[in-house]
2 protein chains.
Amino acid sequence: MRSEDIAKLAGVSRSTVSRVINNYPNVPPETREKVLKVIQQHHYQPNTYARALAGKGTNTIGLFVVSTADKFSTHRIYQNNYFAPFVESVVDTANSLGYYVLIHTLYTLEDYQKVKQACLQKRIDGGILVGTRKEVDVIRELVGLEAPIVLIDYDIGEIIASRLDKSNVSVINSKDYDGAAEAVDYLISLGHRKIGMINGSVNTFSGAERFKAYESVLQRNGLSVEKGYILNGDFLKQNAYHEVRGLLASGQELPTAFFAANDDMAAAAYEAFKEFGLSIPEDISIVGFDDGPIAAQLVPKLTTVRVPIYDMSKEAVQKVVALCEQTVTAFSTVSFPAPLVVRDSCREL
Amino acid sequence: MRSEDIAKLAGVSRSTVSRVINNYPNVPPETREKVLKVIQQHHYQPNTYARALAGKGTNTIGLFVVSTADKFSTHRIYQNNYFAPFVESVVDTANSLGYYVLIHTLYTLEDYQKVKQACLQKRIDGGILVGTRKEVDVIRELVGLEAPIVLIDYDIGEIIASRLDKSNVSVINSKDYDGAAEAVDYLISLGHRKIGMINGSVNTFSGAERFKAYESVLQRNGLSVEKGYILNGDFLKQNAYHEVRGLLASGQELPTAFFAANDDMAAAAYEAFKEFGLSIPEDISIVGFDDGPIAAQLVPKLTTVRVPIYDMSKEAVQKVVALCEQTVTAFSTVSFPAPLVVRDSCREL
DNA sequence: CTGAAAGCGCTTACAG
DNA sequence: CTGAAAGCGCTTACAG
């Protein structure tokens with residue numbers, strides 16, 4: 001069924017059918033009704049591609065998620081607690097605005113070409129990128145595209161320094177530095193002096209911020225930053241688990257508290273400590289980051305920094321859509337607060 | 001940049017450019033090289049919509065996830081432990097086959113129209129539906145479409161009875177009846193005689209199967225099915241939590257074991273029991289279903305039935321793609337084994 | 001208010 | 001082996 005068929009059945013021209021479909025004002029109510037009736041009777045839906053080709057957008061946005069885990073890691077699909085809420089809320093928000101979402105996972109640097117490709121092929125009107133590494137070159141290419149791009153978790157400073165603050169880009173962050181600082185301050189206020197960190201990926205904006213805050217809060221309080229207390233987990237549960245096990249096996253003196261750059265790694269630490277016979281928070285305190293689904297499920301419940309994933313993804317979608325529809329046309333950036341949520345995983349010394 | 005531009009630069013016609021893009025055999029190596037070079041130099045990507053309009057497929061499949069939770073439930077985005085692994089592996093498999101995936105969440109009956117719409121609008125070549133309720137009418141409509149549809153978790157019997165086993169459909173299940181039976185048998189073998197169930201949604205195929213198995217294994221063993229021991233959780237953590245709390249508060253005699261229709265509800269039971277001062281497995285044993293990410297994270301680790309989500313979603317993608325490309329053309333169905341994974345949440349009586 | 005016609009960027013018989 | 005031309009199903013100036 002094509003618009004032509006509808007036109008015939010309704011006794012009008014394709015032009016008129018098109019006008020009612022697109023809600024043009026210059027068609028009298030009776031004509032509109034007549035056409036609409038035929039359309040409904042036949043469950044007619046205009047061909048997206050033809051519309052797109054003829055100049056209408058595709059009403060589709062791309063969601064590109066940079067995976068922290070390796071594509072070939074067996075358990076990768078279970079490792080990303082950030083993923084599910086993000087995807088779900090992006091999809092819902094987009095759908096409610098009448099947009100479809102095309103989703104892609106990015107594992108390697110080459111995979112970034114996929115987003116370029118999707119834009120060039122006109123599959124999407126615009127895109128959202130989550131968890132980008134600090135690959136400015138890649139970003140430069142993307143920004144060069146005409147399609148609107150919203151970056152979630154990206155260093156605005158870098159963008160501005162590289163003069164990439166083009167009008168088709170937008171950045172959305174959470175205040176990870178502040179949140180992390182609050183977390184470490186909290187541990188210090190409880191009397192902890194030896195505080196370790198289970199680090200995320202420092203070539204991620206949020207990863208870098210969380211670590212920077214950790215370092216500077218320690219220094220500001222006259223505490224030394226011990227190399228041996230900084231474990232590299234790369235945001236991955238498995239890595240964190242091995243690192244913690246390694247520290248425990250080393251026989252080295254342990255910190256009294258750990259700040260983990262995300263909940264997944266905090267959960268891994270829980271496991272490793274328990275297996276080693278240490279209880280939380282009696283023997284060791286832990287703070288996480290994200291406040292994802294697992295945080296409150298852990299026993300004891302995890303004290304963590306809340307990243308407002310829902311708000312951020314909603315904002316991201318609204319932003320791309322606005323950019324696609326040219327409602328806004330300037331470089332913009334928003335940063336959401338990331339407050340500490342105190343639960344049961346830390347004790348006063 | 002259009003194919004016409006490439007043609008000019010390469011000194012050939014659009015036809016030839018099209019031939020090399022589509023890998024037609026009848027173009028000599030030198031010509032191919034020449035054209036390819038220009039294409040690469042200019043990062044040319046053919047417009048998807050034009051290709052689609054001209055007869056090529058869109059290389060896009062739809063993934064429609066029926067949400068167990070309410071759209072407006074605050075925590076809905078955190079409630080679906082089935083979701084993340086599913087989406088991630090569908091996306092990866094599709095991408096590796098050169099397909100894009102359009103994703104949609106279905107909350108209401110009307111939302112099913114979205115899949116029809118996506119097909120009618122030719123946005124997708126085919127679709128995958130996960131967690132469909134037993135709405136045969138909806139399915140009937142979908143099956144009437146020409147686009148290939150793969151249903152995950154759907155009653156084959158119903159499809160065959162309604163003569164909906166058309167060549168554009170395919171069904172993929174896990175052997176939930178067997179898995180559930182194994183779980184309940186296991187509890188009985190440990191000496192449990194009073195076994196409760198935290199039920200899923202029985203108007204879901206898997207939900208119904210899990211419950212049927214529970215009932216019949218009890219009966220086969222001469223155990224009575226106690227109404228009071230059957231809690232209705234509807235697959236949702238929150239509901240399960242309230243139901244369990246309700247049972248505990250009632251002062252009624254408790255079963256010695258519970259079989260939960262999914263891990264999320266088992267996790268909710270963990271919480272409720274712990275708050276009530278009951279330890280697992282000392283005071284009460286629990287078996288879950290899914291073996292999703294949380295199963296092994298719970299303390300004690302959850303004994304559960306493993307649903308091979310990864311294999312199922314991979315199979316689903318391969319099937320739609322095969323159907324889209326007309327490699328297969330018959331109604332088909334696969335059912336994956338769902339074995340019991342014994343961990344630490346049950347004790348011998 | 002409305003229709004005929006051009007155009008969007010491809011693919012694919014058709015003819016040579 | 002290759003080009004000219006028709007066609008895919010829309011939208012949108014243009015003219016009336």
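1. Superposition here means a least-squares fit on the C-alpha atoms of residues with pLDDT of at least 70 in both copies. In this predicted model, such a fit lays chain B on chain A with an RMSD of 0.1 Å. The operation is a turn of 180° with a shift of 0.0 Å along the axis. This is therefore the relation of a two-fold axis. As background, any two copies of a chain are related by a rotation about an axis and a shift along it.

2. The interface agrees with that description. Of the interface residues of chain B, 100% are also interface residues in chain A, so the two copies meet through the same surface.

3. The overall form of chain A can be stated briefly. Its secondary structure comes to 13 helices and twelve strands. Along the principal axes, the C-alpha atoms of chain A fill a box of roughly 85 × 40 × 35 Å. Of its 349 residues, 56% count as buried. The accessible surface of chain A is about 14300 Å², and carbon and sulfur atoms hold 50% of that area. Among contacts in chain A between residues at least 6 apart in sequence, 71% join residues at least 24 apart.

4. DNA strand D is surrounded by 28 residues, the closest being A:Arg14, A:Ser18, A:Tyr24, B:Ser15 and B:Arg19. Of the atoms of DNA strand D that come within 4 Å of the protein, 64% belong to sugar and phosphate. By class, the surface near this strand has eleven nonpolar, ten polar and seven charged residues.

5. Individual atom pairs show how chain A addresses DNA strand D. A polar backbone atom of A:Ser3 is 2.7 Å from a phosphate oxygen of the strand, and a polar side-chain atom of A:Arg51 lies 2.9 Å from a phosphate oxygen. A base nitrogen of DNA strand D is 3.3 Å from a polar backbone atom of A:Ala50. The elements that give two or more residues to the surface near DNA strand D are helix H2 (14-21) and helix H4 (48-53) of chain A, together with helix H2 (14-21) of chain B.

6. DNA strand C is likewise surrounded by 28 residues, of which the closest are A:Ser15, A:Arg19, B:Arg14, B:Ser18 and B:Tyr24. Sugar or phosphate accounts for 62% of the atoms of DNA strand C within 4 Å of the protein, and bases supply the rest. The surface near DNA strand C divides into eleven nonpolar, ten polar and seven charged residues.

7. Both chains supply atom pairs to DNA strand C. From chain A, an N or O atom in the side chain of A:Thr31 is 3.5 Å from a phosphate oxygen of the strand, and a polar backbone atom of A:Ala54 is 3.4 Å from a base oxygen. From chain B, a polar side-chain atom of B:Ser18 lies 2.4 Å from a phosphate oxygen of DNA strand C. Two or more residues of the surface near DNA strand C come from each of H2 of chain A, H2 of chain B and helix H4 (48-53) of chain B.

8. A:Gly55 is placed in the loop between H4 and strand E1 (60-66) of chain A. At 63% relative accessibility, A:Gly55 counts as exposed, because the cut-off for that class is over 50%. A:Gly55 is 255 residues from A:Tyr310 in sequence and 33 Å from A:Tyr310 in space, C-alpha to C-alpha.

9. B:Ser174 belongs to strand E5 (residues 169-174) of chain B. With a relative accessible area of 9%, B:Ser174 is buried, because buried means under 20%. The side chain of B:Ser174 makes a polar contact of 2.5 Å with the side chain of B:Asp176. Leaving aside residues up to four places away in sequence, B:Ser174 touches B:Val307, B:Pro308, B:Met312, B:Ser335, B:Phe336 and B:Ala338.

10. B:Ala183 sits in helix H9 (residues 176-189) of chain B and is buried, with a relative accessible area of 0%. Residues up to four places away in sequence aside, B:Ala183 touches B:Phe259, B:Val287, B:Val305 and B:Leu340. B:Ala183 is 169 residues in sequence from B:Arg14, and their C-alpha atoms are 63 Å apart in space. B:Arg14 is itself among the closest residues to DNA strand C.

Technical notes. Residues are numbered from 1 along each chain as its sequence is written. Chains are lettered from A and ligands numbered from 1 in the order in which they are written. This is a predicted model: local features need pLDDT of at least 70, side-chain atom pairs count only at pLDDT 80 or more; totals for chains, interfaces and linings use all residues. Side-chain values use heavy atoms; hydrogens and water are left out. Contact means heavy atoms within 4.5 Å. A residue is near a molecule or strand if one of its heavy atoms lies within 4 Å of it. A polar contact is a pair of N or O atoms within 3.5 Å; within protein, one must be able to donate a hydrogen and the other to accept it, and residues adjacent in sequence count only if both atoms are side-chain atoms. Helices (H or I, at least four residues) and strands (E, at least two) are DSSP runs, numbered from the N terminus. Ala, Val, Leu, Ile, Met, Phe, Trp, Tyr, Cys and Pro count as nonpolar, Asp, Glu, Lys and Arg as charged, and the others, Gly among them, as polar. Buried means under 20% relative accessible area, exposed over 50%, partly exposed in between (1.4 Å probe, protein chains only). Accessible areas come from the Shrake-Rupley method with a 1.4 Å probe; for residues, only the protein chains shown count as cover.
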